[in-house]
Amino acid sequence: MLSFENVLDCFALVIQTGICEVLLTRHGYVVMEWDEEEREWFNVTHCDTPAALREAILSAYEGYLQLSLVTDCHNPTEEEIRTIQKRSADLRLLCNAHGKMTVI
């Protein structure tokens with residue numbers, strides 16, 4: 001069964017590299033992304049279940065991948081979109097199997 005601890009362990013590398021921040025509040029977990037250029041938080045998401053936490057972290061990771069793969073500000077190509085979707089799907093399966101991400 002998926003737990004908050006499993007999700008946090010699986011995505012520790014994403015959190016440690018600053019792709020997103022995960023905070024435990026008195027109302028549950030919150031995933032936050034930082035826009036360095038604008039100097040503000042965006043995509044602040046409350047996660048009341050482990051699955052919601054997994055999806056919020058995956059969403060932040062997908063945004064990071066898009067910025068990494070699409071370096072010249074064009075719309076992502078179909079190939080770039082497929083690459084992002086595959087990596088995200090692979091990580092979802094890894095998390096569900098209680099695995100741990102080892103590379104960004």
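Below, a colleague asks and a modeller answers about a sheet and a pocket in a predicted model.

The model is predicted: local features need pLDDT of at least 70, side-chain atom pairs pLDDT 80 or more, and totals for chains, interfaces and linings use all residues. Residues are numbered from 1 along each chain as its sequence is written, and side-chain values use heavy atoms, without hydrogens or water.

Colleague: Which strands stand at the edges of the open sheet, and why is one side of each left without a neighbour?

Modeller: Strands are DSSP runs (E, at least two residues; helices are H or I, at least four), numbered from the N terminus. Two strands pair if DSSP finds at least two bridges between them. The order is β1-β2-β3, with antiparallel pairing. Each edge strand has a single partner, so one side stays free in the sheet; the edges are β1 (21-25) and β3.

Colleague: What angle does α3 make with β2?

Modeller: α3 packs on the sheet and touches β1, β2 and β3, where contact means heavy atoms within 4.5 Å. Axes are lines fitted to C-alpha atoms, for helices over the stretch in contact, and angles run from 0 to 180 degrees between N-to-C directions. The angle between α3 and β2 is about 5 degrees.

Colleague: Which element gives the largest share of the lining of the largest pocket?

Modeller: A pocket is an open set of points on a 1 Å grid over the protein atoms alone, where a 1.4 Å probe fits, with protein on both sides within 12 Å along at least five of seven lines; lining residues have an atom within 4 Å of a point. Here 14 residues line the largest pocket, with E33, W34, D35, F42 and L67 nearest its centre. β2 (28-35), β3 (40-47) and α3 (50-69) each give two or more. The largest share, five residues, comes from α3.
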